[in-house]
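Got your viewer ready? Let's take a short walk through this model, one selection at a time.

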Amino acid sequence: MRDEDSTYIGAFGDMFIDCQYQLIHGDTMENLLQFDSNYFDLVITSPPYNIGKEYEIKKSIESYLEQQNDVIKELARVLSPKGSICWQVGNYINKGEVFPLDVFYYDILKKHGLKLRNRIIWRFGHGLHASKRFSGRYETILWFTKTDDYIFNLDDVRIPSKYPGKRHFKGPNRGRLSGNPKGKNPSDVWDILAKDWESEVWNIPNVKSNHPEKTEHPCQFPIELVERCVLALTNVHSWVLDPYAGVGSAIIAALKNNRNAVGIDKEEKYISNALDRIEKLKDGTLRIRPMTKTIHKPSPNDKVAKFPEEWLQKVR
Ligand SMILES: C[S@@+](CC[C@H](N)C(=O)[O-])C[C@H]1O[C@@H](n2cnc3c(N)ncnc32)[C@H](O)[C@@H]1O
């Protein structure tokens, strides 16, 4: 359904779970000014990096950051008291000099009263080969919260442990299992995206991608990356906002996990692509790379690698 001139509103779900979404074709700042305060449990985005992509005009880093400062001030206002901002960025590069954007964004987010909880590294194995510096193989997500009382559902994003049979070897718990039957904390270094995403999508211009999620957008988020943040940092029916939504990867990650979602993008073609992807998600035809749970395979003879008997009953 299209409401007014530029907002597309829809519902998602079945008789048990009912979620809403809004995709707004327009400018981020202009639209943020219309939103209620303290509304969203998660703001997650990959903003324009000011590197001259098809949807941006490159300007000085100073004026770019000044503009982003105004946007972040509004994002902090619309964030709920239990809410989080996940700000995913890489480098801005000028005449070969590298400006790590998270370093600059840290001060801006902090200035608006937000508190850093993790600086997450997401790592990929392929990309452009640099000749005058080491090739870049990671980007970062700055995870900030509005207060100290924030949503964090660690159990929903645990990953299988490498050595589930490991036991305490000294102290009062000696001999007892030291891990958690639900798995381990995924840590702040994420290489969940394995090879197919990296090699086919990330930063490789002119490659015709076979990746199931690839669209015409030049810098799309992997849905899997957003899903981990959505599951850990929001609850069912929370509201999630992507202020630079592109082809709607964050919106899809939210709806897929029964969260409400709002996305804004100034390019009509991306909004239309996002709407198309949501329709496919609804009818079950959207191709999504599933969340991976790859684990290191230790030697089968390794005792600590075996899943402990005590836990078998707990997870059944
Ligand atoms: C890095 S991309 C985000 C891609 C998105 N994460 C996805 O998976 O498709 C940044 C997006 O910001 C949008 N954008 C840039 N400046 C904007 C503005 N002032 N208002 C709204 N959208 C803007 C661009 O059109 C682009 O789609």
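Our tour begins in a loop. Select N38: this residue counts as exposed because 12 C-beta neighbours lie inside 10 Å, and a residue is exposed at 12 or fewer. Keep in mind as you look that this is a predicted model. The loop holding N38 runs between α1 (28-32) and β4 (40-45). Now check the backbone torsion of N38: phi is near 55°, a positive value in a residue other than glycine. For context, most residues other than glycine have a negative phi.

Next, move to H237, in the loop between α5 (223-233) and β11 (239-242). Here too phi is positive, at about 75°, although H237 is not a glycine. With 13 other C-beta atoms within 10 Å, H237 is partly exposed.

Now highlight residues 249-256, which form helix α6. Is this helix largely enclosed or open? Seven of its eight residues are buried, so α6 is largely enclosed by the rest of the structure. To colour the buried ones, pick S249, A250, I251, I252, A253, A254 and L255. Then step just past the end of α6 to N258, where phi is positive at about 60°.

Last stop: the ligand. How many residues surround it? There are 19, and the closest are Y55, F221, Y244, G246 and S249. You have already met S249, one of the buried residues of α6. Try colouring the shell around the ligand by class: you should find eight nonpolar, six polar and five charged residues.

Conventions:
Residues numbered from 1 in each chain as written. Predicted model: local features only at pLDDT ≥ 70, side-chain atom pairs only at ≥ 80, totals over all residues. Near = placed C-beta within 6 Å. Nonpolar A, V, L, I, M, F, W, Y, C, P; charged D, E, K, R; others polar. Helix = DSSP H or I, 4+ residues; strand = E, 2+ residues; numbered from the N terminus. Buried ≥ 20, exposed ≤ 12 C-beta atoms within 10 Å, placed from the backbone.
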